[in-house]
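Hi,

Here is the structure I said I would pass on. Please load it before reading on.

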Amino acid sequence: MEIIRIVNSYRYSNTYILDTATDKILLIDPGGPSTDKIIDWLQSNNKTIGAVLLTHEHADHCLTVNSLYSLGAFELIYSQKCSDNIKDEKQNFSFYIEEIPSFKIEIPTIVLEDAKRILIQGIDVLAIETPGHSPGGMCYVLLDVVFTGDTILNHTKTPLTFPHSNRKDYLNSIQKIVSKLEKRIKIYPGHGEPFDYESAEKLIQDIRVK
């Protein structure tokens, strides 16, 4: 499996293309605002989108879901809270952001429960609910990598200042996600460069003792 990182112009969020051994790719957090880089890659590699995973409901991680879905249906996968909040332009915060149009996502979805495993494009994916930064936070562990959204960032503290952020939930989420990770795993965050778990150990330990 090859992982291609696209850095979006809107808030520099990361979108990840997971090139599987099939003609369909797995896409994580299409933030946008443009779909050009994703579409160019798909056309160049003769691929289509099989499924989209969202790590949480904030606009900079899902801005182009509707645009991509209009080009071809795919499975949209996330947590229950994310499913609820993504349908509300105030909860996904697009209502308050002048740079982008406000939006709701109301397309067919697959809602995953905590600790649920699902087979996507032949890849076993473990979903771990990690509320705190937002109510709908979810991390995805597959093979030897984990996609953490904004729950664990690269040497940067996760923002907990949003109206629906919850520090207690976040600390519990850190305890939970860390218990599921092996030290050899590589972390693909919602912002910034991917990094090895070992290089983040001090930051994670600092978070856990708060």
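Below is what came out of the analysis, starting with the sheet and ending with the backbone.

Keep in mind that this is a predicted model.

**Sheet**

Six strands make an open sheet. Their order is 1-2-3-4-5-6, with mixed pairing. The edges are taken by strand 1 (2-7) and strand 6 (109-112). Each has a single partner strand, so one side of each has no neighbour in the sheet. From one strand to the next, the twist averages 25 degrees.

Strand 1 pairs with strand 2 (residues 14-19) in the antiparallel sense, over six bridges. Take R5 as an example: its bridge partner in strand 2 is Y16.

Helix 1 (residues 36-45) packs on this sheet. The helix touches strand 1, strand 2, strand 3 (24-28) and strand 4 (48-53). Its direction makes about 150 degrees with that of strand 1.

**Backbone**

Most residues other than glycine have a negative phi, and most peptide bonds are trans. Three places here are worth a look.

- G32 to P33: this peptide bond is cis, with omega near 15 degrees. P33 sits in the loop between strand 3 and helix 1.
- N46: phi is positive, near 55 degrees. The residue is in the loop between helix 1 and strand 4. N46 counts as exposed because its relative accessibility is 67%, and the cut-off is over 50%.
- F93: phi is positive here too, near 75 degrees. This residue lies in the loop between helix 3 (80-85) and strand 6. F93 counts as buried because its relative accessibility is 12%, and the cut-off is under 20%.

Best wishes

How values were computed
Residues numbered from 1 in each chain as written. Predicted model: local features only at pLDDT ≥ 70, side-chain atom pairs only at ≥ 80, totals over all residues. Heavy atoms only, no water. Pairing = 2+ DSSP bridges. Helix = DSSP H or I, 4+ residues; strand = E, 2+ residues; numbered from the N terminus. Axes fitted to C-alpha atoms, helices over the stretch in contact; angles between N-to-C directions. Contact = heavy atoms within 4.5 Å. Buried < 20%, exposed > 50% of the residue type's maximum accessible area, 1.4 Å probe, protein only.
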